[in-house]
Amino acid sequence: MKRLKHLLVLFLVAATLPAIAQRDNEDDERRGFDKNRLFAGGSINVGFGAGSFAVGGNPQIGYSLTQWLDAGITTNIIYSSQRYNWYGSELRQRSWTYGGGPFVKIFPISMIHLQAQYEYNRISGNVEQISTGFRETFGVGAPSLLVGAGYGQRVVGQSSFFTTILFDVTKNEHSPYIMVEGQRRISQPIIRAGFTVYFGRRGR
């Protein structure tokens with residue numbers, strides 16, 4: 001099974017290389033800063049899991065370095081709520097998250113993208129012991145490394161729409177994308193749906 005997975009990955013990479021090489025040749029004809037490649041946009045993200053929920057927004061600005069590569073900066077604000085069991089005590093946590101960081105998107109084909117994004121977030125909120133009503137406030141910082149893939153319409157120089165599913169691979173216990181169950185740390189799926197609008201003239 002593991003060998004089959006490796007062969008499948010190699011096949012997918014080999015299938016996309018010709019398209020990327022062709023777009024690299026097209027990019028060689030256009031060097032220097034091009035305002036038509038500068039974009040702004042944002043997304044709404046929703047995370048969910050057993051006993052947990054999160055919703056937020058992510059304004060971003062970026063630049064299409066090539067026909068197959070975008071890079072930029074995104075910021076975020078997230079509200080999250082989760083219930084979990086900690087050594088036999090049922091707890092409920094509510095928090096607000098503010099942060100952001102750089103991201104890259106790779107487009108092996110125009111409708112599919114792979115994404116990696118580093119974030120550093122500041123989280124403030126409270127934890128309540130449900131049985132007693134005892135509540136304690138907190139404030140922490142946490143890094144996250146989000147990776148995933150998505151689908152959408154993308155033409156450099158034109159507006160586009162996308163949907164992306166990401167996971168935090170760091171599994172930091174303070175991350176807003178991680179649910180804690182006892183000693184377990186579970187990465188929740190993060191679903192982001194949004195748009196980008198390019199500056200300058202429309203079209204290429």
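Okay, a bit of vocabulary before we start: two strands count as paired if DSSP finds at least two bridges between them. Strands themselves are DSSP runs of E with at least two residues, helices are runs of H or I with at least four, and both are numbered from the N terminus.

With that in hand, here's the main thing to look at: eight strands make a closed barrel in the order E1-E2-E3-E4-E5-E6-E7-E10, with antiparallel pairing. On average, neighbouring strands of this sheet are turned by 25° against each other, direction ignored. For that angle, axes are lines fitted to C-alpha atoms (for helices, over the stretch in contact), and angles run from 0 to 180 degrees between N-to-C directions.

Now the small print. This is a predicted model, so local features need pLDDT of at least 70 and side-chain atom pairs count only at pLDDT 80 or more, while totals for chains, interfaces and linings use all residues. Residues are numbered from 1 along each chain as its sequence is written, and side-chain values use heavy atoms, with hydrogens and water left out.

What does the protein have by way of helices and strands? One helix and 10 strands, and along the sequence the helix comes before the strands: α-β-β-β-β-β-β-β-β-β-β. Of the 204 residues, 40% are buried, meaning under 20% relative accessible area with a 1.4 Å probe and protein chains only; exposed is over 50%, and partly exposed is in between. Contacts here are heavy atoms within 4.5 Å. Taking those between residues at least 6 apart in sequence, 60% join residues at least 24 apart.

Let's walk round part of the barrel. E2 (residues 52-66) runs antiparallel to E3 (residues 69-86), with 12 bridges. These two form a hairpin with two residues between them, and Phe-53 has Ser-81 in E3 as its bridge partner. E3 then pairs with E4 (residues 89-109), again in the antiparallel sense, over 18 bridges. There, Asp-70 is matched with Lys-105 in E4. This is another hairpin with two residues in between, and Tyr-87 in the turn has a positive phi of about 50°. Over at E7 (residues 160-168) and E10 (residues 190-198), seven bridges join the antiparallel strands, and Ser-160 sits opposite Thr-196 in E10.

Which residues form the largest nonpolar core? There are six: Ala-54, Ile-78, Leu-146, Leu-166, Tyr-177 and Ile-190. A core, here, is a set of buried Ala, Val, Leu, Ile, Met, Phe, Trp, Tyr and Cys residues joined through side-chain atoms within 4.5 Å. Ala-54 also has contacts beyond its neighbours within four places in sequence, including Asn-45, Val-46 and Tyr-79.

Last stop, the loop between E7 and E8 (178-181), where we find Ser-175. Is Ser-175 buried or exposed? Buried, because its relative accessibility is 4%. Its side chain makes a polar contact of 2.7 Å with the side chain of Asp-168, and another of 3.2 Å with that of Ser-144. A polar contact is a pair of N or O atoms within 3.5 Å; within protein, one must be able to donate a hydrogen and the other to accept it, and residues adjacent in sequence count only if both atoms are side-chain atoms.

Glu-173 is in the loop between E7 and E8 too, but it counts as partly exposed because its relative accessibility is 40%. The C-alpha atoms of Glu-173 and Arg-185 are 6.7 Å apart, with the two residues 12 apart along the chain.
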